[in-house]
Amino acid sequence: PVSPPPPPLTTEKKESTDCPGRMLARCIETPFRMLLAPTAILAATLSWYPTGDDPMYFMLVIPHEFPPPNKSSPLRSINLARKQMYRRQLSGSRRPFSLSSLVRKVKSARAAVSAEVAPQPPVMPLRVLKAVTFDFTGTLAQVRGKTEDHYMRVLHDVISSEPTLGPKVWDDIEEAIKPNVFPAFVNAYRRHMRELPNFGYGNVSSEQWWEKVIDQTFNEAGVSKEVLDIVLQRVGHDLYELFKTQSAWELYPEVPDLIRNLSESGVTLGVVSNFDERLSIILESLGISSYFDFVVTSHDFGIEKPSPEIFAEAMALANVSDPSHILHVGDTVYTDVAGPVGFGMPFLYVEREDMSTQKAKDNRQAVADLLSRVEDKTTVSSMVDGVVLTNLSRVADVVSQSSG
């Protein structure tokens, strides 16, 4: 059988009655030949559907979110470009036009549309909060400067003041060990956390634990055994004492006002951190210890995050019987997100700005994966970009909303 001839091409536009979806402003059927040039460019911004009646016709779909251009909007330029191309198709004009310019306009327009109409991530319902707990390192405070600089300075002071060594020995080793100190510290810390968890709980004091870390750090960095045998005890003690004080720690800028306001609002506040017994002294040196009702460290309790037992201890100290009534805030996915999620606590995940882009991306994906497995949707997914906070300022808003 012979197929019926296609309908003649025409420049007539007609409104379609088969507009897909409820949220479209308008659908227009227009001859395929008229759209050959614009299709390659405008398909990035609009949606094109072949109509069922004739393959030579395409349906131009303009979503309702696509805002009308105005004089201050980048969409104005793309709208004018669309009109120009359409008119050239009708007139048969062969005047060239700049594809690269139009593509730039389309990208600019798409960015403007996305910024205006991007859907907001759903926020899980939050029950009334009676208490908030915070991690310490990376959440409330950070090391002032660089860890390796503190280690190098203390080692310099001890070696330079040691009669059997003196400044000359320091001059001989300084440049050789400086780039190696921090990588060696990370290795030593991780090794001793595996071998003697919770800063030596039940085996050695935390000061002895840190002395072992410092010994391995400087040994791997290149300090000779002869020198370490002379200075290790003093260096270990001086570093241990230094990291009790605000000389080695600093609060993040938003923390003092946040903690004070939360405390004045009547919410019970606590710190739950994988830390040693110096944490209470550090909080006092930073001027915020009086705002906290309790402090739980992995060294004192003998169990570290993410184990549910340490969060259960925090609940008991906060006098809270329902885990959904206590919020935990922290910056580590494994300890501060997986722990609360497994225990049924709401959480807020903090992603500080100094985090690398790839690590931040990986962490956000890990948080999203954890949330996807949560059955009790009373757990909070965080407030910014669906999963994270970049600082603690929003914590007060969350607490306020939960009590309102």
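This report describes a predicted model, going from its parallel sheet to its largest pocket and then to single residues with notable backbone or burial values.

**The sheet**

Five strands form an open sheet in the order β9-β8-β5-β10-β11, and the pairing is parallel. At the edges stand β9 and β11 (347-349), each of which pairs on one side only. From one strand to the next, the twist averages 20°. Strands of a sheet pair through backbone hydrogen bonds, in either a parallel or an antiparallel sense.

Strand β8 covers residues 268-273 and is mostly covered, with six of its six residues buried. In a regular strand, side chains alternate between the two faces of the sheet. In β8, Thr-268, Gly-270 and Val-272 point one way, while Leu-269, Val-271 and Ser-273 point the other way; all are buried. Buried here means a relative accessible area under 20%.

β8 has a parallel partner in β5 (residues 131-134), with four bridges between the two strands. Within this pairing, Ala-131 has Thr-268 of β8 as its bridge partner. β8 also pairs in the parallel sense with β9 (residues 294-297), again over four bridges. Here Val-272 stands opposite Val-296 of β9. From β8 the chain crosses to β9 through helix α11 (residues 279-285), and this β-α-β crossover is right-handed. Ser-273 of β8 stands opposite Thr-297 in β9.

**The largest pocket**

How much space lies in the largest pocket? The volume is about 1700 Å³. Rolling a probe the size of a water molecule over the atoms shows where empty space is left. The lining of the largest pocket consists of 46 residues, and those nearest its centre are Thr-137, Gly-138, Phe-185, Tyr-189 and Asp-331. Two or more lining residues come from each of β6 (141-143), α4 (147-161), α6 (181-195), α8 (206-221), α9 (225-242), α14 (333-343) and α15 (357-372). Of the elements, α6 gives the most, with six residues. By residue class, the lining divides into 23 nonpolar, ten polar and 13 charged residues.

One of the contributing elements, α14, has several buried residues: Val-333, Thr-335, Asp-336, Val-337, Gly-339, Pro-340 and Val-341. α14 is followed by Gly-344, which has a positive phi near 85°.

**Backbone exceptions**

Most residues other than glycine have a negative phi, and most peptide bonds are trans. Asn-198 departs from this pattern in phi, with a positive value of about 60° although it is not a glycine. Asn-319, also a residue other than glycine, has a positive phi near 60°.

Where do these two asparagines lie? Asn-198 is in helix α7 (residues 197-200), whereas Asn-319 is in the loop between α13 and β10 (326-330). Is each of them buried or exposed? Asn-198 counts as buried because its relative accessibility is 7%. Asn-319 is exposed, since its relative accessible area is 71%.

A cis peptide bond is found between Lys-305 and Pro-306, with omega about 15°. Pro-306 belongs to the loop between α12 (298-301) and α13 (308-318).

**Buried loop residues and C-alpha separations**

Thr-139 is placed in the loop between β5 and β6. Thr-139 counts as buried because its relative accessibility is 0%. Another loop residue, Phe-275, lies between β8 and α11. Phe-275 is counted as buried because its relative accessibility is 8%.

For each of these two loop residues, the table gives one C-alpha separation from a residue elsewhere in the chain.

| Residue pair | Separation along the chain | C-alpha separation |
|---|---|---|
| Thr-139 and Val-255 | 116 residues | 8.9 Å |
| Phe-275 and Asn-198 | 77 residues | 7.5 Å |

The second pair links two parts of this account: Phe-275, from the loop between β8 and α11, has its C-alpha atom 7.5 Å from that of Asn-198, the α7 residue with a positive phi of about 60°.

Terms used
Residues are numbered from 1 along each chain as its sequence is written. This is a predicted model: local features need pLDDT of at least 70, side-chain atom pairs count only at pLDDT 80 or more; totals for chains, interfaces and linings use all residues. Side-chain values use heavy atoms; hydrogens and water are left out. On a 1 Å grid over the protein atoms alone, a cavity is a set of points where a 1.4 Å probe fits but cannot get out, and a pocket is an open set with protein on both sides within 12 Å along at least five of seven lines; lining residues have an atom within 4 Å of a point. Grid points are joined across faces, edges and corners, and a volume is the space filled by probe spheres set on the points. Ala, Val, Leu, Ile, Met, Phe, Trp, Tyr, Cys and Pro count as nonpolar, Asp, Glu, Lys and Arg as charged, and the others, Gly among them, as polar. Buried means under 20% relative accessible area, exposed over 50%, partly exposed in between (1.4 Å probe, protein chains only). Two strands pair if DSSP finds at least two bridges between them. A crossover is right-handed if, with the strands pointing away from the viewer, the path from the first strand over the helix to the second runs clockwise. Axes are lines fitted to C-alpha atoms, for helices over the stretch in contact, and angles run from 0 to 180 degrees between N-to-C directions.
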